[in-house]
Amino acid sequence: MKPIPYARQEIDDYDIASVIETLKSDFLTQGPQPVLFEKNISEYCGANFGVSFNSATSALHAACLALSIGENDYVWTSPNTFVASSNCALYCGAKVDFVDIDQATYNISIEKLEEKLSSAKKENKLPKVVIAVHFAGQSCDMEAIFLLSQKYGFKLIEDASHAIGGKYKEKRIGNCSFSDITIFSFHPVKIITTGEGGMAVTNQKFLADHMIKIRSHGIAYEINNNVDQSKDEIWNYHQISLGFNYRMTDIQAALGVSQFRKIDEFLLKRHSIAKKYDNELKGLPVTIPFQDLDCYSSFHLYVVRLKLNEIKKSQKEIYNSLKHMGINVNLHYIPVYLHPYYQSLGFKRGLCPESELYFKEAISLPMFSGLSTKKQDYVIESIKSIIT
Ligand SMILES: *Cc1c(COP(=O)(O)O)cnc(C)c1O
């Protein structure tokens, strides 16, 4: 039997047919598919603009640049995330710092954020941007963070790489009522996939235009603005800033458009898997994921916390036993600042005690829309046999 992964894509014949159709079309890149995918996603979330990228990492970088992050700026995020959430600020030459997580949601803690803002203000080191990460697909308390952003004058990016399709206070994540830009990832482990791919959504035209330019070398195509008609210039583009090639191909977007049609079905499957885990694991020495009543999670991850003093086995032993049984569990996340690269930047152990404690007890169980009942039963039985 092949090992059961913690996450994987679900591709059907329609997805394959869509990609083949695009392969036979006139455009492999810079054609109609990314535009269509942008329209699908932005309308779904209720945002005015969608800008597709070749990854969420590129989208995060472009978002930071569009919010004019540069040297001497501070960007804050949660340590319980993938490294890309803070690397994007380092690409811009900014300094990053981390705010500890909430004990229940594992998202950024509002109390810790408030405390840190208040002391940063005294030292004149307030962040220019805070990147709120919706861990496992459950939204941060965006209204509270938004109020702090008004009080302390910072901009907000939502890293919703886990969270497409999730809701906060009845509205889809990505509607940007409490942020400037929201980012999605379409890596194969996420809710829907384009192979590699990402998207930024925003309600601000200026930011969308800026990100479009960054995505394609810093080149602008508006004939009227940039070509001096009096000089008989026949070309219609100018590079006006230093950009990148961060474009999503039509091949990727065709897959995205096809996957998008199934997003709600995928979300329902994830919810029923989560419910089954909740019911089966409730009585065991683990903490099941806390669900905030203000949120509808997209359940990218299903993380349990091991009550190690009751289990009397180490986290590593439990991991290894599960791997042995053909279950490739994972750990989300090593606190970002504990990675060797971040240690070399001078971050010290102990910076975010709650994140460090969480990291020693967390385990991500297999969670993906294609996980069969039979396989999930096997996962549940295996865990039971190891921890009881
Ligand atoms: C997956 C992920 C990213 C990066 O996404 P890519 O599309 O692989 O670049 C960024 N942030 C978080 C929280 C993620 O989980």
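Just after helix 3 comes Ser68, whose phi is positive, near 50°. That is worth a pause in this predicted model, because most residues other than glycine have a negative phi. From Ser68 we can step back into the helix that precedes this residue. Helix 3 covers residues 56-66, and it is largely enclosed by the rest of the structure because nine of its eleven residues are buried. The buried set consists of Ala56, Ser58, Ala59, Leu60, His61, Ala62, Ala63, Cys64 and Ala66. An α-helix has 3.6 residues a turn, so residues three or four places apart point the same way. At the start of helix 3, a side-chain oxygen of Ser55 comes to within 3.3 Å of the backbone nitrogen of Thr57.

Helix 3 also brings us to the ligand. Which of the 15 residues around the ligand come nearest? They are Thr57, Asp159, His162, Ser185 and Lys190. Three polar approaches to ligand oxygen atoms are easy to pick out in a viewer. A backbone N or O atom of Ala56, a residue of helix 3, lies 2.9 Å from an oxygen atom of the ligand. A polar side-chain atom of His162 sits 2.8 Å from a ligand oxygen. For Ser185, an N or O atom in the side chain is likewise 2.8 Å from an oxygen atom of the ligand. Taken alone the ligand exposes 380 Å², and the protein buries 92% of that.

Ser185 gives us a way into the strands. This residue belongs to strand 8, which spans residues 181-185 and has five of its five residues buried. Ile181, Ile183 and Ser185 point one way from the strand, while Thr182 and Phe184 point the other way. What are the neighbours of strand 8? On the parallel side of the story, three bridges join strand 8 to strand 5, residues 155-159. Within that pairing, Ile157 has Ile181 as its bridge partner. Strand 8 also pairs with strand 9, residues 198-202, in the antiparallel sense and over five bridges. Here Ser185 is matched with Gly198, so to speak closing the loop on a residue we met beside the ligand.Another sheet can be followed in the later part of the chain. This one is open, with three strands in the order 12-14-15 and antiparallel pairing. Its edge strands are strand 12 (286-287) and strand 15 (362-365), each of which pairs on one side only. Strand 14, residues 302-306, is joined to strand 15 by four bridges, and Tyr302 has Leu365 as its bridge partner there. Although strand 15 is an edge strand, both of its faces are covered. Ala362 and Ser364 are buried on one side, and Ile363 and Leu365 are buried on the other.

Ser364 leads on to a loop. Its side chain makes a polar contact of 2.7 Å with the side chain of His332. His332 is placed in the loop between helix 12 (315-324) and helix 13 (340-344). Is His332 buried or exposed? With a relative accessible area of 6%, His332 falls under the 20% cut-off and is therefore buried. The backbone deserves a look here too: the peptide bond that joins His332 and Tyr333 is cis, with omega about 0°. Tyr333 is found in that loop between helix 12 and helix 13 as well. For context, most peptide bonds are trans.

Two further residues return us to the topic of positive phi. Tyr106, in the loop between strand 3 (95-98) and helix 5 (110-122), has a phi near 65°. Its relative accessibility is 6%, so Tyr106 counts as buried. Phe299 has a positive phi of about 50° although it is not a glycine. Phe299 lies in the loop between strand 13 (295-296) and strand 14, and is buried with a relative accessible area of 5%.

Finally, let us go out to the surface. Ile11, Ile16, Ile20, Leu23 and Leu28 form a nonpolar patch there, and together they have about 410 Å² of accessible area. Leu28, one of these residues, sits in the loop between helix 1 (13-23) and helix 2 (32-45). Its relative accessibility is 41%, which is why Leu28 counts as partly exposed.

Notes
Residues numbered from 1 in each chain as written. Predicted model: local features only at pLDDT ≥ 70, side-chain atom pairs only at ≥ 80, totals over all residues. Heavy atoms only, no water. Buried < 20%, exposed > 50% of the residue type's maximum accessible area, 1.4 Å probe, protein only. Helix = DSSP H or I, 4+ residues; strand = E, 2+ residues; numbered from the N terminus. Pairing = 2+ DSSP bridges. Patch = residues over 30% accessible without salt bridge, like charges linked within 9 Å, V, L, I, M, F, W, Y side chains within 5 Å. Areas by Shrake-Rupley, 256 points an atom, 1.4 Å probe, with all protein chains shown as cover. Salt bridge = Lys/Arg side-chain N within 4 Å of Asp/Glu carboxyl O. Near = heavy atom within 4 Å. Polar contact = N/O pair within 3.5 Å; in protein donor to acceptor, adjacent residues only side chain to side chain.
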